[in-house]
Amino acid sequence: MRPKRSREPFFWAMFSGGGMLAALFLPALVLVLWFAPPSYPELVGKVDHSLVKLALFGLIMLSLFHWGHRFRYTLYDGLQLSHLYGLIATICYGGATALTFLAGYLLWTFP
Amino acid sequence: MAESITLQIQRYRPEEEEEPVWQSFEVPRHDEWMVLDGLNYIKDNLDGSLSYRWACRMGVCGSCGMLVNGEPVLTCATYLSELGGGRGPVRIEPLTGFPVIRDLVGDIGDFITKLQRIKPWIIRQEDKPLSQGEYLQTPEELALYQQYSMCINCMLCYSACPIYALEPDFIGPAVIALAQRYNLDPRDEGSEERGDVLSQHAGIWACTFVGECSAVCPKHVDPAGAIQRYKVTATAEWFKSVLLPWGKR
Amino acid sequence: MVQVGVAAVGQTVNRINPKYQLYHPKWYRKDYPIFWWLEKFAYGKFIVREMTSLAVGYTAVLLMFQLWVLSRGQETYQRFLGFLESTPVMIFHGVVLAFLLFHSVTWFNLAPKALVLRLGRWRVPNALVLSGHYAAWLAATALVIWLVAR
Ligand code: SF4
């Protein structure tokens, strides 16, 4: 029998995708949305477009999983908590999944 | 002795002390001396009981790796006169991550066991008969893996890797680089077998890309890069197996 | 003679370290420091790089909050703008932005290690992969600014 292969590739792919999108887009978004925020009608009009919503959903979901994966390993190695392997994985990926659903709901019902 | 330099050496003689102690030696200071020359001077002239490993003294055998001033280096390739402004003292310890047997000698059994697990040799499903001659290779094919074949098993990368120190099961940088040395060799057909070992948590996935393994490697093998590349390969394989379950894997 | 000699050695060494048994290896294992990432500059840089995930997570969550605030109407959005403008929040977001930038830079710098591109026999040089990433960053930033400020 072959040893079971881990599911790690899936999460690593999410982590990598999120890392790439976050690296490309987040600094710019923080600049224009938090440091020089547009007015209310402007911003609503811009977000209320299905392509923009889809892009935002992808960006938020992958960023969340990027956090979940990387933070999980920070806890294992940085704080030497790898004896809590399963618990930490559940909290990190579970948190990212729950927030992803919330993001989907927020965007679906927007505005 | 015109000029001298102080070597502070971590001694551990289990029959005498329970914990390692530091011992200082004065050795002559020559511009062309390596750290290993200093150790040999001590062994020949000051204290014959000092234990350490070395063989080729030309950066090929990979046995003289030690922690010098906190950095994992080959002692045969590190000038004494370039350490601490040439004044010393120079601190010499055994490599981190390996249990110390005596003085500067660590137990490397764990590394050897792990190295065997990835089958570091060319695997063929079927060997062609001897009469058909050797397996020829073009320079381009050689270039695919040559970098990884430069590894001399010095284990400096293990010493630099915090994950190996924290997770003793982690198979470690050089072993993964050596697995890639064979995986990327067009003559080899064993990547699936190696994948069973590599695609585990204790294989590539425990690695968080600290990158220090590549920084200390004296042969520019870049094990960190090898691990990242294998992560990409393993991920592609995984998606293939999920999306095309009727395929080979 | 030899036998006697070895026995004699065994006795002397036993006197020095009573816990030592002749011919039984007694390895010394050093504990790895808990705050190992403070021991070396490169390790410290590594842990800061890993900590950027907190900034990424925070940004994602606050962007979601901003969406919710937007959908609640103009008044709520105005109050959110007030929150963004307060000094402590400004400072905090400055720190978040610094971490995000550190993430971007470290991410792009390490990307060529994982990405080995080949076009036929030609291996795309690392410098090209690297500059490709920075060019993409520039383009993405321009796109965002154009979309929002247009
Ligand atoms: S990869 Fe480099 S540092 Fe590691 S064992 Fe091989 S030669 Fe030494």
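In this predicted model, the shell around the ligand consists, by class, of eleven nonpolar residues, one polar residue and no charged residues. The ligand sits in the second largest cavity. Chain B supplies the surrounding residues, which are Cys151(B), Ile152(B), Asn153(B), Cys154(B), Met155(B), Leu156(B), Cys157(B), Ala174(B), Cys217(B), Pro218(B), Val221(B) and Pro223(B).

Two interfaces are described next. The size of an interface is often given as the accessible area lost when the parts come together. The table sets out the values for each pair of chains.

| Interface | Residues in contact | Buried area | Share from carbon and sulfur atoms |
|---|---|---|---|
| Chain B and chain A | 20 residues from chain B, 16 residues from chain A | about 1,700 Å² | 59% |
| Chain A and chain C | 46 residues from chain A, 53 residues from chain C | about 4,500 Å² | 78% |

Between chain B and chain A, the buried area is about 1,700 Å². On the chain B side, the residues that lose the most area to chain A are Leu166(B), Trp205(B) and Trp238(B), which together make up 31% of what that side buries. The rule finds zero salt bridges across this interface. Polar contact is found there for two residue pairs, both at pLDDT 80 or more.

Between chain A and chain C, about 4,500 Å² is buried. Of the area that chain A buries against chain C, 19% is supplied by Trp34(A), Tyr40(A) and Arg70(A), more than by any other three residues. Arg70(A) also takes part in a salt bridge, in which its side chain meets that of Glu50(C) at 3.4 Å, N to O. The count of salt bridges between chain A and chain C is one. In addition, 14 residue pairs are in polar contact between these two chains, with both residues at pLDDT 80 or more.

Terms used:
Residues numbered from 1 in each chain as written. Chains lettered and ligands numbered in written order. Predicted model: local features only at pLDDT ≥ 70, side-chain atom pairs only at ≥ 80, totals over all residues. Heavy atoms only, no water. Near = heavy atom within 4 Å. 1 Å grid on protein atoms, 1.4 Å probe; cavity = no way out; pocket = protein on both sides within 12 Å on 5 of 7 lines; lining within 4 Å. Sits in = over half its atoms within 2 Å of the grid points. Nonpolar A, V, L, I, M, F, W, Y, C, P; charged D, E, K, R; others polar. Contact = heavy atoms within 4.5 Å. Buried area = accessible area lost by both parts, 1.4 Å probe. Salt bridge = Lys/Arg side-chain N within 4 Å of Asp/Glu carboxyl O. Polar contact = N/O pair within 3.5 Å; in protein donor to acceptor, adjacent residues only side chain to side chain.
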